[in-house]
Amino acid sequence: MAKGYDANRERQQDVAAFGKILGKRGGFSCEWCGGKGDLRPWDHRPDAEPSPETLALLCARCRELAEGKQAEPNELHSLRNALWSDIPAIAEGAARVLLRSKEPWVREAVEESLIDEGVKQELLKG
Ligand SMILES: [Zn+2]
């Protein structure tokens, strides 16, 4: 079996091992929308070593959004609070989903957020 497969599987196990920490941190609800459905760790930085900063506990719907599904306007509002998190996987991940929509309040909300200034400029540029 190719090396990439094993490395990937090991990584999945590493990520899964953070599930408990993330669950406690998020009060066992989705760290983006507060939902409770099928919570699993989501990998914000698949190219970096997994850590609580690069992982967020997300519900099934938010994981779909994270993978590129377009959010409904009413869903966007439930992600807004996530921008205020000091955990990059939560704030930056949610900002990326929000900015894919062209809702006028989104850019303003991201600008006001506490996301690292350099990252914020990068997000707003895209
Ligand atoms: Zn969610």
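**Exercise 1.** Classify arginine 63 as buried or exposed, and find where arginine 63 lies.

Solution. Arginine 63 has a relative accessible area of 15%. Buried means under 20% relative accessible area, exposed over 50%, and partly exposed in between (1.4 Å probe, protein chains only). Arginine 63 is therefore buried. The residue is found in helix H3, residues 60-66; helices (H or I, at least four residues) and strands (E, at least two) are DSSP runs, numbered from the N terminus. In space, the C-alpha of arginine 63 is 6.9 Å from that of tryptophan 42, with the two positions 21 residues apart in sequence numbering.

The model is predicted: local features need pLDDT of at least 70, side-chain atom pairs count only at pLDDT 80 or more, and totals for chains, interfaces and linings use all residues. Residues are numbered from 1 along each chain as its sequence is written, and side-chain values use heavy atoms, with hydrogens and water left out.

**Exercise 2.** Describe how strands S1 and S2 pair, and which way the side chains of S2 point.

Solution. Strand S1 covers residues 40-43, and strand S2 covers residues 55-58. Two strands pair if DSSP finds at least two bridges between them. S1 and S2 pair in the antiparallel sense over four bridges. One residue contact can be named: proline 41 has leucine 57 in S2 as its bridge partner. Leu55 and Leu57 point one way from S2. Ala56 and Leu58 point the other way, and all of these residues are buried.

**Exercise 3.** Determine how many salt bridges the whole structure has, and work through the pair of arginine 25 and glutamate 31.

Solution. A salt bridge is a side-chain nitrogen of Lys or Arg within 4 Å of a carboxyl oxygen of Asp or Glu. Side chains of opposite charge can pair when their charged atoms come close. A search of the whole structure finds 10 salt bridges. In the pair asked about, the closest N and O atoms of arginine 25 and glutamate 31 are 2.8 Å apart. Arginine 25 lies in helix H2 and is partly exposed, at 29% relative accessibility. Its partner, glutamate 31, is buried, with a relative accessible area of 12%. As a further distance, arginine 25 and alanine 82 are 57 residues apart in sequence and 13 Å apart from C-alpha to C-alpha.

**Exercise 4.** Find the salt bridge of lysine 69, and name the network that contains lysine 69.

Solution. Lysine 69 forms a salt bridge with glutamate 64, with 3.6 Å between the closest N and O atoms. Lysine 69 is partly exposed, with a relative accessible area of 45%. Glutamate 64 also counts as partly exposed, at 34% relative accessibility. Salt bridges that share partners join Arg61, Glu64, Lys69 and Glu75 into one network.

**Exercise 5.** For phenylalanine 28 and aspartate 38, give phi, place and exposure.

Solution. Start with phenylalanine 28. Its phi is near 55°, a positive value in a residue other than glycine. Phenylalanine 28 sits in the loop between helix H2 (19-25) and S1, and at 53% relative accessibility it counts as exposed.

Next, take aspartate 38. Its phi is near 50°, again a positive value in a residue other than glycine. Aspartate 38 is found in the loop between H2 and S1 and is partly exposed, with a relative accessible area of 38%. The side chain of aspartate 38 meets that of arginine 40 in a salt bridge of 3.2 Å, N to O. Arginine 40 counts as partly exposed, at 45% relative accessibility.

**Exercise 6.** State which residues form the negative surface patch, and place glutamate 10.

Solution. Lys and Arg count as positive and Asp and Glu as negative; His and the chain ends are not counted. Patches are made of residues with over 30% relative accessible area and no salt bridge: like charges are joined within 9 Å, nonpolar side chains (Val, Leu, Ile, Met, Phe, Trp, Tyr) within 5 Å. The place of a charge is taken as NZ of Lys, CZ of Arg, CG of Asp or CD of Glu. Accessible areas come from the Shrake-Rupley method with a 1.4 Å probe, and for residues only the protein chains shown count as cover. The negative patch is formed by Asp6, Glu10, Asp14 and Glu49. Glutamate 10 belongs to helix H1, residues 3-17, and is exposed, with a relative accessible area of 51%.
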